[in-house]
Protein chains: 2
Amino acid sequence: MGTTSIKRIVLVEDDNIIREAFQTLISQSADFIVVNAYSNAEEAIKNLKEDVADIYLMDIELPGMNGIEAITKIKQLNPKIQLVVVSVYENDELVFKALCEGASGYLTKNAPTSKLIDSLKELENGGAPMSTSIARLVVSSFHKNKQSPLSPRELEVLELLASGKSYSSIADLLFVDKETIRSHIKNIYIKLEVHSKADAIEKAKKNKFI
Amino acid sequence: MGTTSIKRIVLVEDDNIIREAFQTLISQSADFIVVNAYSNAEEAIKNLKEDVADIYLMDIELPGMNGIEAITKIKQLNPKIQLVVVSVYENDELVFKALCEGASGYLTKNAPTSKLIDSLKELENGGAPMSTSIARLVVSSFHKNKQSPLSPRELEVLELLASGKSYSSIADLLFVDKETIRSHIKNIYIKLEVHSKADAIEKAKKNKFI
DNA sequence: TGAAATTACCCCATTCTGGGGGAGTGGAAT
DNA sequence: ATTCCACTCCCCCAGAATGGGGTAATTTCA
């Protein structure tokens, strides 16, 4: 490994017990130091410049500004900061929103607290610490549904359609006539029971056909 | 935990040394048994029914049928099978393709082999075992680019456009006039230096604006 | 053999799109 | 206070795109 320095951590967690437990736990590691701990996001953001932290351990359900908004704001103020969510919720929406906004990890509180230091180390090694169920959730989000009623060619056409392409350009890309694409799309609409591009794309994405 | 039974593993790996090393390693665990080991995907698929395995540990770079195609085929023949890729390549394309086709984990061979059993256990616990760099790759794929030249409203419009919606339906959804949407889109095209919907969507996705 | 997939063509009407121009309001920053 | 930007809405125009109707040849695979 290269040069390692003590990483500065900020905690944002409204539950006093948990916050103090984390602080105690992290203080036991020589690699990390808790430079500050807040019970709400607003204060954490106000002191962001002064704290010069490397990592924020963030709760999602917070009084006032919620964790997702906080992630957005913090990343915007300093993109170099690494954010790890620590939440009781495993709500799919929240997980993906947090990741989209820039979280580098997502831990659920039911995970053994002994893993916290390991997670921080994993983060420092260029990883993305996640609880077991979150990792599965994230990986599953990539999985395509193999039980699609659409033929391979129809899937191909629908994917191109979903990328905003016109019938003509899809035809060009697939080296067939524009009328052929029209036929495919008619059949796709029948199979998906829709009557428009937007509905077809929505249904196909919802069912993970594409 | 509920009832646990010994999980049946199949290896698909063309390198004899690695294949045998894995076999030896896994045999040392009481929780797993290697029911078969193949040097190519075709044979593994031919014996899929007889092997009745729970988990396949798959290489990606194989002679003949490659690992991605093999994943597709195996998942199609038996969706219950769990697949974990073990590869030297960390190629982004390959990782995402493997996950889209149904892989539940992705390990790089440079990861300590001692972690292999841990990864299998993680899989059995409902997780998605990934090497450090793969986890980061996967999580990073969600991250949006905050340095977008587009305004919040423009991003909103572009997202709806990218979902296949027409100007009119976007207007309805945002409770504004269709002409307003047209104005936004004109400005989006100017900012992104494009002249069509498809180009705008492509550029926005490539740059992770949406 | 028979069903499904892939390819291609015709007609029609409506909507959509992209480009040109202009303009008013409000907020935020200088 | 003024300027810049975001957001809103309006006009004109021509060509492209879309959705629905129908038909049909070839191939592929079970």
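## Domains, helix 5 and pockets of a predicted model

Chain A is divided into domain 1, which covers residues 7–143, and domain 2, which covers residues 148–206. In this predicted model, the C-alpha centres of domain 1 of chain A and domain 2 of chain A lie 41 Å apart.

Helix 5 of chain A spans residues 92–101, and its buried residues are V95(A), A98(A), L99(A) and C100(A). The cover over these buried residues includes, from chain A, helix 4 (67–77), strand 4 (82–87), strand 5 (105–108) and helix 7 (132–140), and it also includes helix 7 (132–140) of chain B. At the start of helix 5 of chain A, a side-chain oxygen of N91(A) comes to within 2.9 Å of the backbone nitrogen of E93(A), while just after this helix G102(A) takes a positive phi of about 120°.

Helix 5 of chain A also takes part in the largest pocket, giving the most to its lining with six residues. The two pockets described here are set out below.

| Pocket | Volume | Nonpolar lining residues | Polar lining residues | Charged lining residues |
|---|---|---|---|---|
| Largest pocket | about 2,600 Å³ | 17 | nine | 20 |
| Second largest pocket | about 1,400 Å³ | 21 | 14 | 11 |

The largest pocket, with about 2,600 Å³ of space, is lined by 46 residues, of which S141(A), K144(A), K205(A), I210(A) and K205(B) are the closest to its centre. The elements that give two or more residues to this lining are helix 5, helix 8 (152–162) and helix 11 (197–206) of chain A, together with helix 4 (67–77), helix 5 (92–101) and helix 8 (152–162) of chain B.

The second largest pocket, with about 1,400 Å³ of space, is lined by 46 residues, and those closest to its centre are K115(A), E122(A), M130(A), K115(B) and E122(B). Two or more residues of its lining come from each of strand 5, helix 6 (115–124) and helix 7 of chain A, and likewise from helix 1 (16–27), strand 5 (105–108), helix 6 (115–124) and helix 7 of chain B.

In chain B, S148(B) is found in the loop between helix 7 and helix 8. S148(B) counts as buried because its relative accessibility is 16%, which is under the 20% cut-off for that class. The side chain of S148(B) reaches the backbone nitrogen of L150(B) at 2.9 Å, and, when residues up to four places away in sequence are not counted, S148(B) touches L155(B) and F209(B).

Definitions and conventions:
Residues are numbered from 1 along each chain as its sequence is written. Chains are lettered from A and ligands numbered from 1 in the order in which they are written. This is a predicted model: local features need pLDDT of at least 70, side-chain atom pairs count only at pLDDT 80 or more; totals for chains, interfaces and linings use all residues. Side-chain values use heavy atoms; hydrogens and water are left out. Domain bounds come from an automatic or database domain assignment. Buried means under 20% relative accessible area, exposed over 50%, partly exposed in between (1.4 Å probe, protein chains only). Helices (H or I, at least four residues) and strands (E, at least two) are DSSP runs, numbered from the N terminus. Contact means heavy atoms within 4.5 Å. A polar contact is a pair of N or O atoms within 3.5 Å; within protein, one must be able to donate a hydrogen and the other to accept it, and residues adjacent in sequence count only if both atoms are side-chain atoms. On a 1 Å grid over the protein atoms alone, a cavity is a set of points where a 1.4 Å probe fits but cannot get out, and a pocket is an open set with protein on both sides within 12 Å along at least five of seven lines; lining residues have an atom within 4 Å of a point. Grid points are joined across faces, edges and corners, and a volume is the space filled by probe spheres set on the points. Ala, Val, Leu, Ile, Met, Phe, Trp, Tyr, Cys and Pro count as nonpolar, Asp, Glu, Lys and Arg as charged, and the others, Gly among them, as polar.
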